[in-house]
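Please walk through this model with attention to how its charged and nonpolar side chains are arranged, beginning with a single pair and widening the view from there.

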Amino acid sequence: DTPPVVLAKVNSQQISESLYREAWDREKAQINIPLDTPEILLSKMNAVNVSHKHYTGAWDDAKAKGYDFKVDALSFKHAKSSREIASEYKYKQTYERQKGHYIGTPSVKEDPKLSWAARVMKMQNDRLYKKAYHSSKANITIPYEMVAIQAAKQGQAIASDIDYHHYLHQWSCLPDQNDVIQAKKAYQLQSDNLYKSDLEWLRGIGWMPEGSVDVIRVKRAQDLVNDRLYKLRPDALKFTSIP
């Protein structure tokens with residue numbers, strides 16, 4: 001009964017799973033739920049909805065009773081009508097009955113079916129359809145003063161290169177007319193030949209004296225850049241004695 005032993009016993013009782021679930025295991029079988037609660041009713045309805053037996057119950061009952069079809073049932077009549085429509089014998093029955101009852105005619109034109117077939121053939125014939133057009137397409141008469149003809153002529157005149165380069169007027173101006181004088185002055189101001197004409201008399205008359213400063217400067221510069229004079233051998237120089 002020492003404190004550590006007592007503490008160990010208490011701890012073992014607290015962590016014991018059997019003691020922890022003892023009250024729940026004892027009371028879980030004693031729960032009493034009424035059968036008309038919404039949860040119980042909902043679970044019953046769900047069980048009925050998901051039950052395969054209830055889902056196929058009506059079909060199983062109908063199979064157990066068997067089938068009872070009358071001869072004049074709508075489905076039987078519909079099947080018979082469809083079979084007669086699809087039957088080739090029924091399809092050709094009327095034709096076979098009328099095949100030997102045709103009455104001959106003296107000519108093809110008096111037979112209504114043959115004459116109707118001939119008219120249909122003419123209507124479908126492309127050559128006969130275009131016969132009237134080909135016979136009349138070369139007989140078109142267009143008046144000379146028609147608006148479309150005049151418009152076409154004006155369009156050709158506008159698009160023509162000859163008419164495009166045709167001079168519209170031959171202008172004649174007097175020499176002393178004011179605008180002619182002003183145009184001549186403008187041409188002279190814009191002329192490059194007239195602008196340089198005052199320097200033409202100086203071309204070819206240049207002169208440079210032999211002993212001028214510029215000539216001597218050019219000669220000295222040529223001597224400085226002359227490679228032959230730069231590489232002159234020492235023995236080629238003249239000896240100059242020093243007194």
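In this predicted model, the side chains of Arg26 and Glu22 come together in a salt bridge, with 4.0 Å between nitrogen and oxygen. Both residues belong to helix 3, where they sit four residues apart, about one turn of the helix. Arg26 has a relative accessibility of 49% and therefore counts as partly exposed, since the exposed class begins only over 50%. Glu22, with a relative accessible area of 42%, is likewise partly exposed.

The structure holds four salt bridges, and two others can be followed in the same way. One of them joins the side chains of Asp126 and Lys130, at a distance of 3.7 Å from N to O. Asp126 is partly exposed, its relative accessible area being 45%, and Lys130 is also partly exposed, with a value of 37%.

Further along the chain, Asp214 forms a salt bridge with Arg217, and the closest N and O atoms of this pair are 3.6 Å apart. Where do these two residues lie relative to one another in helix 16? Asp214 and Arg217 are three residues apart within this helix, which spans residues 213-224, so that about one helical turn separates them. Is Arg217 exposed or buried? At 54% relative accessibility Arg217 counts as exposed, because the limit for that class is over 50%, whereas Asp214, with a relative accessible area of 45%, is partly exposed.

Charged side chains also appear outside the salt bridges. Lys80, Arg83, Lys90 and Arg97 form a positive patch on the surface, and the helices that contribute to this patch can be named: helix 7 (74-86) and helix 8 (88-98) each supply at least two of its residues. Lys90, one of the patch residues, is found in helix 8. The relative accessible area of Lys90 is 40%, which means that this residue is partly exposed, and the value also satisfies the requirement of over 30% for a patch residue.

A patch of another kind is made of nonpolar side chains. Trp24, Ile31 and Ile33 form this nonpolar patch on the surface, and together they have about 350 Å² of accessible area. Of these residues, Ile33 is found in the loop that runs between helix 3 (22-27) and helix 4 (38-50). Helix 3 is also the element that holds Arg26 and Glu22, the pair with which this account began.

These local features can now be placed within the chain as a whole. The protein chain contains 17 helices and zero strands. How much of the chain is buried? Buried residues make up 4% of its 243 residues, the limit for that class being under 20% relative accessible area. Among the contacts in the chain with a separation of 6 or more, residues 24 or more positions apart account for 0%. The accessible surface of the protein chain comes to about 24,900 Å², and 60% of this area belongs to carbon and sulfur atoms.

Terms used:
Residues are numbered from 1 along each chain as its sequence is written. This is a predicted model: local features need pLDDT of at least 70, side-chain atom pairs count only at pLDDT 80 or more; totals for chains, interfaces and linings use all residues. Side-chain values use heavy atoms; hydrogens and water are left out. Buried means under 20% relative accessible area, exposed over 50%, partly exposed in between (1.4 Å probe, protein chains only). Contact means heavy atoms within 4.5 Å. Accessible areas come from the Shrake-Rupley method with a 1.4 Å probe; for residues, only the protein chains shown count as cover. Patches are made of residues with over 30% relative accessible area and no salt bridge: like charges are joined within 9 Å, nonpolar side chains (Val, Leu, Ile, Met, Phe, Trp, Tyr) within 5 Å. Lys and Arg count as positive and Asp and Glu as negative; His and the chain ends are not counted. The place of a charge is taken as NZ of Lys, CZ of Arg, CG of Asp or CD of Glu.
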